[in-house]
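Q: I am new to this structure and would like a close look at a single part of it, followed outward to whatever surrounds that part. Please go slowly and connect each step to the next.

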Amino acid sequence: MIVTTSKPLDEVLDYISPYSNIFIVGCDGCTQPPRGLREAKILSQLLELGGKLRNKNFNFKVTTVAKQCDSYLTASALKPQIDGVEAVLSLACGIGVQTLAELFPELSVFPAQNTHFMGAEEREKGILEERCAGCGDCLLALTGGICPIARCAKGLLNGPCGGSANGKCEVDPERDCAWSLIIERLKARGKLELLEEIRPPIDYQLKGWRFTP
Ligand code: SF4
Ligand code: SF4
């Protein structure tokens, strides 16, 4: 189970305001509280109202998928619907957002949720790679949909440490350097200016260790 809370509406409006054709994608998977089609529709209505207050009209397309973190199923469900979409807003956890950002690297993909923590069923014997550390203050909108907290060995928030070589991490050369991936992703999107924005230290009071729905 992955526990999330909704981002403030104004923050989401700030993300999507440069765009008009927005695809809102819910997730019927393990996100708690549920963030499926019903919640995606409610969010589109709230954003429509919020947009009007800013003299901005959006065209929302709303859907949900079984599990956003399942790249194959999500690609099959969304790729036929992606024509004309300028930006994607995900109601999934940080893992789902990153799955969408990988599937649609040419689009801006934004989180509508803050992800707080993950509970694991320790039955799998395969290899799992951490993608979200549940920091409680998701910054994927600024990092091209790649999480530096979970994927950079040092959890750096403001660029690489300088030890990366050939796109690999100096701490473990078997791993990609998260910041190399972020820079390449932002370059591909023409959004390198996002690197100039200084990110303050994560406020871990937002993380929360317990959650009462
Ligand atoms: S910034 Fe990273 S750790 Fe924080 S919620 Fe987003 S994906 Fe998770
Ligand atoms: S090499 Fe890259 S991933 Fe590794 S610690 Fe430095 S910035 Fe982080």
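A: Helices and strands are named here as DSSP runs, a helix being a run of H or I with at least four residues and a strand a run of E with at least two, and they are numbered from the N terminus. The model is a predicted one, and the part chosen for the close look is helix α2, which covers residues 37–53.

The approach to this helix comes before the helix itself. P33 lies in the loop between β3, residues 31–32, and α2, and the peptide bond that joins Q32 to P33 is cis, with omega at about -5 degrees.

Helix α2 is built from 17 residues, and the distance from its first C-alpha to its last is 25 Å, which is close to the 24 Å expected at 1.5 Å a residue. Its buried residues are E39, A40, L43 and L47. These four cover an arc of only 95 degrees around the axis, which puts them on the same side of α2. The spacing along a helix helps in reading such a pattern: an α-helix has 3.6 residues a turn, so residues three or four places apart point the same way. On the other side of α2 the residues R38, Q45, L49 and K52 are exposed, so that one side of the helix holds E39, A40, L43 and L47, which count as buried because each has 20 or more other C-beta atoms within 10 Å of its own.

What does the buried side of α2 pack against? The buried residues of α2 pack against helix α1, residues 9–16, and against two strands, β2 at residues 21–27 and β4 at residues 59–65.

The strands are worth following further, beginning with β2. Of the 7 residues of β2, 6 are buried, so this strand is largely enclosed by the rest of the structure. Strands β2 and β4 pair in the parallel sense over 7 bridges, and within that pairing F23 has K61 of β4 as its bridge partner. Strand β2 is also joined to β5 by 4 bridges, and those two strands run parallel as well; here the bridge partner of I22 is A87 in β5.

From β5 the pairing continues to another strand. Strand β5, residues 87–90, pairs with β6 in the parallel sense over 4 bridges, and L89 has F110 of β6 as its bridge partner. Strand β6 covers residues 108–111, and both of its faces are covered, since S108 and F110 on one side are buried and V109 and P111 on the other side are buried too.

Returning to the helix, the residues that come after α2 deserve the same attention as those that come before. N55 follows α2 and has a positive phi, with a value of about 55 degrees although the residue is not a glycine. The place of N55 is in the loop between α2 and β4, the latter being one of the strands against which the buried residues of α2 pack. Is N55 buried or exposed? With 6 C-beta neighbours inside 10 Å, N55 counts as exposed.

Helix α6 can be set beside α2 to show how the same reading works elsewhere in the model. Helix α6, residues 178–189, has 12 residues and reaches 17 Å from its first C-alpha to its last, close to the 16 Å expected at 1.5 Å a residue. In α6 the buried residues are A178, W179, I182 and I183. They cover an arc of only 135 degrees around the axis, which puts them on the same side of α6. The face of α6 turned away from that buried side carries the exposed residues K187 and A188, while the buried residues themselves pack against helix α5, residues 148–151. After this helix comes G190, whose phi is positive, near 70 degrees.

In the loop between α5 and α6 there is also N166, a residue other than glycine with a positive phi, near 50 degrees. N166 is exposed, with 7 other C-beta atoms within 10 Å.

Notes
Residues numbered from 1 in each chain as written. Chains lettered and ligands numbered in written order. Predicted model: local features only at pLDDT ≥ 70, side-chain atom pairs only at ≥ 80, totals over all residues. Expected span 1.5 Å × (residues − 1). Buried ≥ 20, exposed ≤ 12 C-beta atoms within 10 Å, placed from the backbone. Arc of directions from axis to C-beta. Contact = placed C-beta atoms within 7 Å. Pairing = 2+ DSSP bridges.
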